[in-house]
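Thanks for coming, everyone. I have one chain to walk through today. Let me put it on the screen.

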Amino acid sequence: MDIDKPNNDLKCEFSYSHFENVLRQLKKEYKFVDFEYNFKPNEKIILLRHDVDISLKRAITLAQIENQLKINATYFVMLHSKYYSLEECSKELEKIVELGHKIGLHYDSKYWSEMKLEHQSAFLKEINFLKTRFNISVKVASAHNPTTNKIQSIVFPNNIKNAYDSKFSREIKYLSDSVQFWREDCICKNWKKYNQIQLLIHPEWWTETGKKMKDIVNELFNQISSTKADKEELIEFYDSYLKKVQSNIQ
Ligand SMILES: [Zn+2]
Ligand SMILES: [Zn+2]
């Protein structure tokens, strides 16, 4: 055995190869389930969730890796992202469904407030739009930036689950890669401690070579046609978000 050769399995970075390695390890121990699944208290399960904030195109690679490993995830998509439009990315959404994954709504209450929309009806309309436009079932929704957006309560109808429901976030372990910051170290160092996990992975932060946030945002902006989007504003937002969560931890 060549002891100088680094063990790639243990190299923590936001790369596709690490993502794949992590999933391979997790698959040996856990059952990957969706938000509809009625898990028992002692069952070892993972709810694999992807909130798509900036790029649905970026999500395809993760969806393919998961498909090859026979793992199903739920992709939460936005109808009003400044950075991608579902109409322009309809093929990508269809591809994700084809690869065996579920679709959820990732809603942005800040957008509704800015547009002076009543939140409850905007929420129901967005769910309905997703279902009818893509002919899919939508059974779950997650809030975008729940820590910074002013929370206006939405009543979830009985047939729609809330990904932030305590059943999925407090009663089981919730781990997120938010802006490439794991809070409790990378999932690969951590998972053994927990039997039931909601694992939130943002597809944008994972690349072939494990690029850093600013490089990723710069690169993504070169591909964005929308002029509404402000790159500096986004980087600033992520920077301040990181400062906030990091200071909460110390
Ligand atoms: Zn790791
Ligand atoms: Zn989001």
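I'll go from the whole chain down to single residues.

First, a caution. This is a predicted model. So where is the confidence? Average pLDDT for the chain is 89, and 91% of the residues score at least 70. The weak stretch is residues 1-8, where pLDDT stays under 50. For that stretch the model has two contacts beyond four places in sequence. Please read the start of the chain with that in mind.

Now the overall dimensions. How does the radius of gyration sit against the value for a compact globule? With 250 residues, such a globule would come out near 18 Å, and the chain has 18 Å, so the two agree. The C-alpha atoms fill a box of roughly 65 × 45 × 40 Å along the principal axes. Of the 250 residues, 29% count as buried.

Secondary structure next. There are nine helices and eight strands. Take contacts between residues at least 6 apart in sequence: 70% of them join residues at least 24 apart.

Let's do the strands. I'll start with β2, β7 and β8. β2 covers residues 45-51 and runs parallel to β8, with five bridges joining them. In that pairing, R49 stands opposite L200 of β8. β7 also runs parallel to β8, over four bridges. There, L175 has L199 in β8 as its bridge partner. Hold on to L199; that residue comes back in the core.

Then β4, β5 and β6. β4 is residues 102-107, and four bridges join this strand to β5 in parallel. Y107 is matched with A143 in β5. β5 pairs with β6, residues 161-162, again in the parallel sense, over two bridges. A141 stands opposite N162 in β6. How covered is β5? Mostly: the strand spans residues 138-143, and five of its six residues are buried.

On to the core. How many residues are in the largest nonpolar core? The count is 47. Y75, V77 and L199 have the most contacts inside that core. Look at V77 in detail. Leaving out residues up to four places away in sequence, V77 touches V52, L56, L86, L93, I103 and H106.

L93 takes us to a helix. That helix is α3, residues 90-98, and its buried residues are E92, L93 and I96. Why do they line one face? Viewed down the axis of α3, the buried residues fall within an arc of 100°, so they sit on one face of the helix. The opposite face, turned away from the buried side, carries the exposed residues K91 and E98. What covers the buried residues? The cover includes α2 (59-68), β3 (74-77), β4 and α5 (119-134). Just after the helix, G100 takes a positive phi of about 95°.

Next, a tryptophan. W206 is in the loop between β8 (196-200) and α8 (213-223). Is W206 buried or exposed? W206 has 25 other C-beta atoms within 10 Å, and the cut-off is 20 or more, so W206 is buried. Who are its partners? Beyond four places in sequence, W206 is in contact with F14, S15, Y16, F19 and L62. Compare sequence and space for one pair: W206 and A59 are 147 residues apart along the chain, yet their C-alpha atoms are separated by 9.1 Å.

Last stop: backbone angles. Two residues in the loop between β7 and α7 deserve a look. V179 is not a glycine, yet has a positive phi of about 45°. The loop that holds V179 runs between β7 (173-176) and α7 (187-190). Q180 is also a residue other than glycine, with phi near 60°. What about their surroundings? V179 has 16 other C-beta atoms within 10 Å, so V179 is partly exposed. Q180 has 18 within 10 Å, so Q180 is partly exposed too.

To recap: a core of 47 residues, parallel pairing of β2 and β7 with β8, and a low-pLDDT stretch at residues 1-8. Over to you for questions.

Methods
Residues are numbered from 1 along each chain as its sequence is written. Chains are lettered from A and ligands numbered from 1 in the order in which they are written. This is a predicted model: local features need pLDDT of at least 70, side-chain atom pairs count only at pLDDT 80 or more; totals for chains, interfaces and linings use all residues. A nonpolar core is a set of buried Ala, Val, Leu, Ile, Met, Phe, Trp, Tyr and Cys residues joined through C-beta atoms within 7 Å. A residue is buried if 20 or more other C-beta atoms lie within 10 Å of its own, exposed if 12 or fewer, and partly exposed in between; C-beta atoms are placed from the backbone. Two residues are in contact if their C-beta atoms, placed from the backbone, lie within 7 Å. pLDDT is the predictor's confidence in each residue, from 0 to 100. The radius of gyration is taken over C-alpha atoms; the globule rule is 2.2 Å times the number of residues to the power 0.38. Two strands pair if DSSP finds at least two bridges between them. The arc is that of the directions from the helix axis to the C-beta atoms.
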